[in-house]
Amino acid sequence: MTDNAEETATHTNAPAPEEEPKPPTMAATDEQPPTDDATKVTEKMSTLSFSIWPPTQRTRDAVAKRLVETLSAPSSVLSKRYGTLPADEAADAARRIETEAFAAAAASPDDDGIEVLQVYSKEISRRMLDAVKSRSGPVPVPDGNGAQAPDAAPASGEETKADETEA
């Protein structure tokens, strides 16, 4: 025999490696009768209910606390644009915003918990933005060159294009 023939004979006569036991298939597990523990878990699951609306008082308090942080922290996006509110004023505004948003969402015609929660979230966002805008007044937005944007009022002594055409 040649060397290749001997190698082939050696490899074909070698015992097969032992295979690890395979986990049972889904069909095999479905055929097994449930254990007492599985039955207890199933019974508990059938009596357990999960409701996303209305939120618990604890959740509502957490929302109000987060609103206070957003309204009074100098690092928040709203505070950078519109300024911060003092902590006591932010706490009053946060409680009012949350209460009004909750009432608006509760009055929503939607009966799906997720949809009502979306209404609640949107109402909070809208009311929070309204609160900071009404407190700060109009904010001039600079254009890319550092000048005032077209929607901003001209500074005193400046003429608008409409004024120039009338003259």
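Phe-50, Ile-52 and Ile-114 together make a nonpolar patch of about 340 Å² on the surface of this predicted model. A patch of another kind, one of negative charge, is formed on the surface by Asp-110, Asp-111, Asp-112 and Glu-115. The points below take up these two patches and then turn to Ser-79, a residue that counts as buried.

**The nonpolar patch**
- Of the residues that make up the nonpolar patch, one is Ile-114, and this residue is found in helix H7.
- Ile-114 has a relative accessible area of 45% and is therefore classed as partly exposed, since that class covers values between the limit of under 20% for buried residues and the limit of over 50% for exposed ones.

**The negative patch**
- Among the residues that gather in the patch of negative charge is Glu-115, which belongs to helix H7, a helix that runs over residues 113–136.
- Glu-115 counts as partly exposed because its relative accessibility is 35%.

**Ser-79 and its contacts**
- Ser-79 is part of helix H5, which is made of residues 77–82.
- With a relative accessibility of 6%, Ser-79 is counted as buried, because the cut-off for that class is under 20%.
- The side chain of Ser-79 has a polar atom that lies 2.7 Å from the backbone oxygen of Ala-73, and the side chain of Ser-79 also reaches the backbone oxygen of Thr-70, at 3.4 Å.

Definitions and conventions:
Residues are numbered from 1 along each chain as its sequence is written. This is a predicted model: local features need pLDDT of at least 70, side-chain atom pairs count only at pLDDT 80 or more; totals for chains, interfaces and linings use all residues. Side-chain values use heavy atoms; hydrogens and water are left out. Patches are made of residues with over 30% relative accessible area and no salt bridge: like charges are joined within 9 Å, nonpolar side chains (Val, Leu, Ile, Met, Phe, Trp, Tyr) within 5 Å. Accessible areas come from the Shrake-Rupley method with a 1.4 Å probe; for residues, only the protein chains shown count as cover. A salt bridge is a side-chain nitrogen of Lys or Arg within 4 Å of a carboxyl oxygen of Asp or Glu. Lys and Arg count as positive and Asp and Glu as negative; His and the chain ends are not counted. The place of a charge is taken as NZ of Lys, CZ of Arg, CG of Asp or CD of Glu. Helices (H or I, at least four residues) and strands (E, at least two) are DSSP runs, numbered from the N terminus. Buried means under 20% relative accessible area, exposed over 50%, partly exposed in between (1.4 Å probe, protein chains only). A polar contact is a pair of N or O atoms within 3.5 Å; within protein, one must be able to donate a hydrogen and the other to accept it, and residues adjacent in sequence count only if both atoms are side-chain atoms.
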